[in-house]
Amino acid sequence: MVIHSDLDGLTDAQARRALEGLPRSDYEIVIKPLRYRTSPHLAARCEFEERRIVLQVPVPFRPFKEPVIYSARRKRGRGLRFAWASESVSFRLRREVLRFLYCHEWMHWYLKEVLGKRSAAETACDRFALRNFRRLKVSTADADAALRRRARARTPTYPRSSTAASS
């Protein structure tokens with residue numbers, strides 16, 4: 001995997017170590033600075049035509065929280081309305097930002113290049129990144145698990161006792 005860092009204070013070797021244990025893609029990985037006005041945030045993109053994944057790390061870096069939407073459920077009624085499920089994630093280190101962004105963009109790559117599907121599955125990509133960016137080893141099986149919807153947890157049904165049935 002070719003990794004190139006344009007970020008001051010982060011060498012190519014350090015970036016490679018930060019992304020160690022994550023699944024590999026055949027795209028070039030470019031790490032760039034993200035200059036922001038008010039507060040740090042997440043930004044990355046998968047450039048399919050150029051075969052490149054661009055990860056942008058906030059500069060100057062300071063710890064921040066970012067809401068991550070990992071699921072959506074359609075609401076009843078007319079129109080397209082959704083109930084969003086999200087989690088607020090704390091990013092304390094540049095390494096965490098790099099790993100989260102790479103997991104998210106890798107999932108876009110995996111959907112398009114490996115599975116041959118549309119790559120615009122934002123909640124699935126966020127779900128995969130959220131579940132895996134802090135893990136040491138991540139595989140394609142983890143990506144497949146993020147694509148499956150979890151079945152709703154059903155409330156257990158207990159057999160009626162003979163006394164409850166007679167009353």
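Start with the whole chain and its long-range contacts (heavy atoms within 4.5 Å). Among contacts between residues at least 6 apart in sequence, 61% join residues at least 24 apart. This is a predicted model, where local features need pLDDT of at least 70, side-chain atom pairs need 80 or more, and totals for chains, interfaces and linings use all residues. Numbering runs from 1 along each chain as its sequence is written, and side-chain values use heavy atoms, without hydrogens and water.

Color by secondary structure. The chain has 5 helices and 6 strands; these are DSSP runs numbered from the N terminus, helices being H or I of at least four residues and strands E of at least two. Their order from the N terminus is β-α-β-β-β-β-β-α-α-α-α.

Next, select the open sheet. Its 4 strands run in the order 1-2-4-3, with mixed pairing; a pair requires at least two DSSP bridges. Strand 1 (3–5) and strand 3 (43–47) are the edges, each with a single partner strand, so one side of each lacks a neighbour in the sheet.

Zoom in on strand 1 and strand 2 (residues 28–35). They pair in the parallel sense over 3 bridges. Ser 5 has Ile 31 in strand 2 as its bridge partner. Now add helix 2, which packs on the sheet and touches strand 2, strand 3 and strand 4 (52–59).

Finally, show helix 2 (residues 94–114) with helix 4 (residues 140–147). Trp 106, Met 107, Tyr 110 and Leu 111 in helix 2 meet helix 4 residues Thr 140, Ala 143, Asp 144, Ala 146 and Leu 147.

Key
Axes are lines fitted to C-alpha atoms, for helices over the stretch in contact, and angles run from 0 to 180 degrees between N-to-C directions.
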